[in-house]
Protein chains: 2
Amino acid sequence: MRVSTQFPIAVHIMLMVAGFPEQKMTSEVVAESAGVNPVIIRNVFSKLNNAGLLDTKSGRGKTAIMRPADEITLWDIYTAVESDETDEVFKLHQNTSETCVVGSNIHALLLPHLTDAVNAVKAEFSKVTLQCLIDELYKKINP
Amino acid sequence: MRVSTQFPIAVHIMLMVAGFPEQKMTSEVVAESAGVNPVIIRNVFSKLNNAGLLDTKSGRGKTAIMRPADEITLWDIYTAVESDETDEVFKLHQNTSETCVVGSNIHALLLPHLTDAVNAVKAEFSKVTLQCLIDELYKKINP
DNA sequence: CAATCCGTAACTATTGACATTACAGAAATT
DNA sequence: AATTTCTGTAATGTCAATAGTTACGGATTG
């Protein structure tokens with residue numbers, strides 16, 4: 001199992017925008033903090049925008065979240081940048097034999113259990129809101 | 001999130017060996033059914049062997065499971081072929097800024113929640129035994 | 001001893017992720 | 001309206017991980 005870095009980067013963006021609303025968060029500023037190329041940030045900007053989580057505007061970096069931070073969960077952010085389809089999360093081996101009993105049934109056999117696993121992650125990530133993370137961050141700054 | 005095909009292949013192997021104990025399951029036979037190269041099967045053989053799930057023997061393909069099928073879970077098979085470490089499952093962005101508040105705290109902030117997600121998958125996979133899958137397979141053959 | 005088959009190394013091919021450059025177009029400032 | 005700033009996106013290059021393939025030593029069986 002391996003998740004691309006786009007997910008943590010997306011969380012990073014949301015944290016910076018929501019946690020410090022008075023500051024101008026351009027792709028370059030966030031890129032500096034995240035240690036990645038600004039274009040990567042802009043790509044994630046775009047995905048978060050399409051998902052209705054982030055309001056990005058060309059011009060003067062008027063970036064802002066579109067919902068209250070306690071109405072945005074980790075799962076919202078996850079699905080904004082990555083697929084939640086079971087067969088994208090778990091890569092099955094194709095070209096299985098159609099004549100073998102196992103080969104012709106393995107996919108249908110595994111799929112429901114893999115979907116259960118994805119739903120378990122969904123349930124876990126849905127518990128955590130952006131506001132939780134902001135609170136935890138402030139706690140780390142001012143213990 | 002993306003899991004390598006080694007996990008479903010490992011399940012495929014275990015199903016064939018445990019579901020049809022009277023038949024000789026060499027790497028070539030399984031490779032034919034799974035539609036992959038025999039060496040891939042032998043590599044997974046080796047990992048399942050090291051994990052104490054499969055007894056593979058050079059010579060005449062005397063492959064057999066080492067524990068009863070109802071004492072082997074999907075999680076056992078998963079950990080035999082893939083890492084369950086949070087930071088291997090979820091790939092974090094390195095090179096974050098040490099001077100930025102978010103950059104210097106994002107890893108510590110995310111880690112517990114990512115670990116929760118991994119544990120949720122673990123709990124789900126631990127519910128499903130190899131015997132469950134065999135039963136479901138037989139149901140598909142003889143409905 | 002001979003045949004079979006696992007375990008593993010070495011090499012290649014392919015795929016996906018990320019970095020980088022470049023530029024069109026939108027928004028705000030003047 | 002012109003200028004500046006910044007997003008959105010395409011094109012290209014680079015690198016790492018995965019899978020395919022060949023090869024061979026060594027273990028086991030008969």
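Q: Which residues are closest to DNA strand C?
A: Thr5(A), Ser27(B), Ser46(B), Thr56(B) and Gly59(B) are the closest, and 26 residues surround the strand. A residue counts as near a strand if one of its heavy atoms lies within 4 Å of it.

Q: Hang on, what kind of model is this?
A: This is a predicted model, where local features need pLDDT of at least 70 and side-chain atom pairs count only at pLDDT 80 or more, while totals for chains, interfaces and linings use all residues. Residues are numbered from 1 along each chain as its sequence is written, chains are lettered from A and ligands numbered from 1 in the order in which they are written, and side-chain values use heavy atoms, leaving out hydrogens and water.

Q: OK, back to strand C. What percentage of its atoms within 4 Å of the protein belong to sugar or phosphate?
A: That would be 59%, and the rest belong to bases.

Q: Which side chain has a polar atom 2.7 Å from a phosphate oxygen of DNA strand C?
A: That's Ser46(B). Asn37(A) also has a polar side-chain atom by a phosphate oxygen of DNA strand C, at 3.2 Å. For Ser58(B), a side-chain N or O atom is 3.5 Å from a sugar or linking oxygen of the strand. The cut-off for a polar contact is a pair of N or O atoms within 3.5 Å; within protein, one must be able to donate a hydrogen and the other to accept it, and residues adjacent in sequence count only if both atoms are side-chain atoms.

Q: Which element gives the largest share of the surface near DNA strand C?
A: α3(B) does, with six residues. Helices here are DSSP runs of H or I with at least four residues, strands are E runs of at least two, and both are numbered from the N terminus.

Q: And what does that surface near DNA strand C look like by class?
A: It has five nonpolar, 15 polar and six charged residues. In this scheme Ala, Val, Leu, Ile, Met, Phe, Trp, Tyr, Cys and Pro are nonpolar, Asp, Glu, Lys and Arg are charged, and the others, Gly among them, are polar.

Q: Now the other strand. How many residues surround DNA strand D?
A: 26 residues do, and the closest are Ser27(A), Ser46(A), Thr56(A), Gly59(A) and Thr5(B). Of the strand D atoms that come within 4 Å of the protein, sugar and phosphate account for 62%.

Q: How far is the side chain of Thr56(A) from a phosphate oxygen of DNA strand D?
A: An N or O atom of the Thr56(A) side chain is 2.7 Å from one. Side-chain N or O atoms also sit by phosphate oxygens of strand D in Lys24(A), at 2.9 Å, and in Asn49(A), at 3.1 Å.

Q: Which element supplies the largest share near DNA strand D?
A: α3(A), with six residues. By class, the surface near DNA strand D has five nonpolar, 14 polar and seven charged residues.

Q: New topic: what volume does the largest pocket have?
A: About 210 Å³. Among the residues that line it are Met25(A), Arg42(A), Phe45(A), Lys57(A) and Arg60(A). A pocket is found on a 1 Å grid over the protein atoms alone, as an open set of points where a 1.4 Å probe fits, with protein on both sides within 12 Å along at least five of seven lines; lining residues have an atom within 4 Å of a point. Grid points are joined across faces, edges and corners, and the volume is the space filled by probe spheres set on the points.

Q: And the second largest pocket, what's its volume?
A: About 170 Å³. Its lining includes Arg42(B), Phe45(B) and Lys57(B), and by class it has one nonpolar, seven polar and two charged residues.

Q: How many disulfides does the structure hold?
A: Zero over all chains, where a disulfide means a pair of cysteine sulfur atoms within 2.5 Å.

Q: Is Cys100(B) buried or exposed?
A: Cys100(B) counts as buried because its relative accessibility is 17%. Buried means under 20% relative accessible area, exposed over 50%, and partly exposed in between, using a 1.4 Å probe and protein chains only. Cys132(A) is at 28%, so it counts as partly exposed.

Q: What about Asn95(A), where is that?
A: Asn95(A) is in the loop between α5 (86–89) and α6 of chain A. Asn95(A) has a positive phi of about 60° although it is not a glycine, and it counts as exposed because its relative accessibility is 63%.
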